[in-house]
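Let's take a look at one helix and a group of aromatic rings. Please keep the model open beside the text.

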Amino acid sequence: AAKSRSWLAPTEEGAAVVASGSPEFKVYEFVNAQTGATSLAALEAALGKDVAKLGLGAAMREKWLRKDGAGVVVAKTDVVDATRELLSSTTGAFDPAGSSSETDLKPTDAEKQLMRRKLAAKQTLKYYVVTKGDEYAAERRKKVGDLTVDALRDGSWRTAQFKDYNFDTLGVEPASGYAQPLLKVRAEFRKILIGMGFEEMPTNRWVESSFWNFDALFQPQSHPARDAHDTFFVKEPAETPRWPAEYYDRVKTMHEAGGAGSIGHRCVFEEAEARKNLLRTHTTAVSARMLYALAQHKTFKPTKYFSIDRVFRNETMDSTHLCEFHQVEGLVADYDLSLSNLVATIRTFFESIGISQLRFKPAFNPYTEPSMEVFGYHPDLKRWTEIGNSGMFRPEMLAPMGLPPNVRVIAWGLSLERPTMIKYRIANIRDLFGHKADLQRTKNAPVCVFP
């Protein structure tokens, strides 16, 4: 059983009082030995400033001394050093040594005065009383937790002491993975887009050729986005070995001479540039492949496609940009679509995920015309953040594929990270994705549910 005892013990200053007397009694003795009034200067010279100051104040409170002009004189005779006597009697009075009963310290008013003057302090001893219990044994035996095959074979289970089984205890929580916030938002986006009638595109091709990533989109081979400081090129294999030959020729002609009402880029189209392999900079390369496959059908069928997967760009990293991120892309291919159809589709999607504050800004893209940037308001950053790009695919891109002339394709792409940051109130994208991401945040992230 745990017990404690308390007692008063003199402090270092209190021990000095026990040895030589209290400051007030020293002042009284000195004044009593003088003839006439004693000045403060005389007290300080004889006893020291600290003793004179403390002792004079205490002696005056006890009315041992009284003022007489500029000095003090004795006002009371037969004075005893009560402080010293109390400290001497208090020292060890509550010391538990030699005592078998528990003591509860209740200081008197005089002892409390000693404690306020820091001449005595409370000391506490905490201790345990150990006695022999019902299961005491001279030799300690370890209790057995499991009944084993060996114990059954050698019979040791008959004399073994088994641990009591706790039927209320919970098992150890098994280690398991947790869905990253990006995956939670991705699953919700996918459900929303499928609910809007979109079909998911295969996006397992991270390495693309420059032909499908740039040329098929009518992006000129001189465009700065195709430089190494913007794109990650693959060293091995460095080139793609094949593509649809007839389609390649039509794309080359569109770049060099134009068509579908366009004069083209009026540049030399180099096959070596088109064959370069790279980490795809956007999932629009997948869209180009799907639209080309759609155009090969004998009868055109209006289609809605979407994809959500990883893309790579050689960008300067900051709170809203990474070199590796996820892109959500959607497209609608149908007859006689317009820009209003694009705006309405984008608004429907973003309102489905709870982002109603949207702005559209005119922009330029090599493969869409007209083009628009999409901005959403971030409540924590307190500013509008770019969350996507959109536009209508140019005829120069669609005509070489073989789509009917009056078929229009509206498309948009947005990062998965930006809406996730808005949803989970994350100000820095590096706290969400990458080596600096907090695993505890991933574990505690709530289920993603959009209104």
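## A buried helix and its aromatic neighbours

In α12, the buried residues (under 20% relative accessible area, 1.4 Å probe, protein chains only) are Thr-284, Ala-285, Val-286, Ser-287, Ala-288, Met-290, Leu-291, Tyr-292, Leu-294 and Ala-295. With 10 of its 12 residues buried, α12 is therefore largely enclosed by the rest of the structure. This is a predicted model, in which local features need pLDDT of at least 70, side-chain atom pairs count only at pLDDT 80 or more, and totals for chains, interfaces and linings use all residues. Residues are numbered from 1 along each chain as its sequence is written, and side-chain values use heavy atoms, leaving out hydrogens and water.

Now to the rings. Tyr-292 belongs to an aromatic cluster together with Phe-211, Trp-212, Trp-243, Tyr-247, Tyr-248 and Phe-269. Rings of Phe, Tyr and Trp (its six-membered ring) pair if their centres lie within 6.5 Å; planes under 30 degrees apart count as stacked, over 60 as edge-to-face and the rest as tilted. By this rule there are 20 aromatic pairs, including these two:

| Pair | Centre to centre | Angle between planes | Class |
|---|---|---|---|
| Phe-211 and Trp-243 | 5.1 Å | 40° | tilted |
| Trp-212 and Tyr-247 | 5.5 Å | 35° | tilted |

Phe-211 lies in helix α9 and Trp-243 in the loop between α9 and α10, so their pair ties together parts that are 32 residues apart in sequence. The other pair links Trp-212 in helix α9 with Tyr-247 in helix α10, 35 residues apart. Phe-211 and Trp-243 are both buried, and Trp-212 and Tyr-247 are buried too.

How values were computed. Buried < 20%, exposed > 50% of the residue type's maximum accessible area, 1.4 Å probe, protein only. Helix = DSSP H or I, 4+ residues; strand = E, 2+ residues; numbered from the N terminus.
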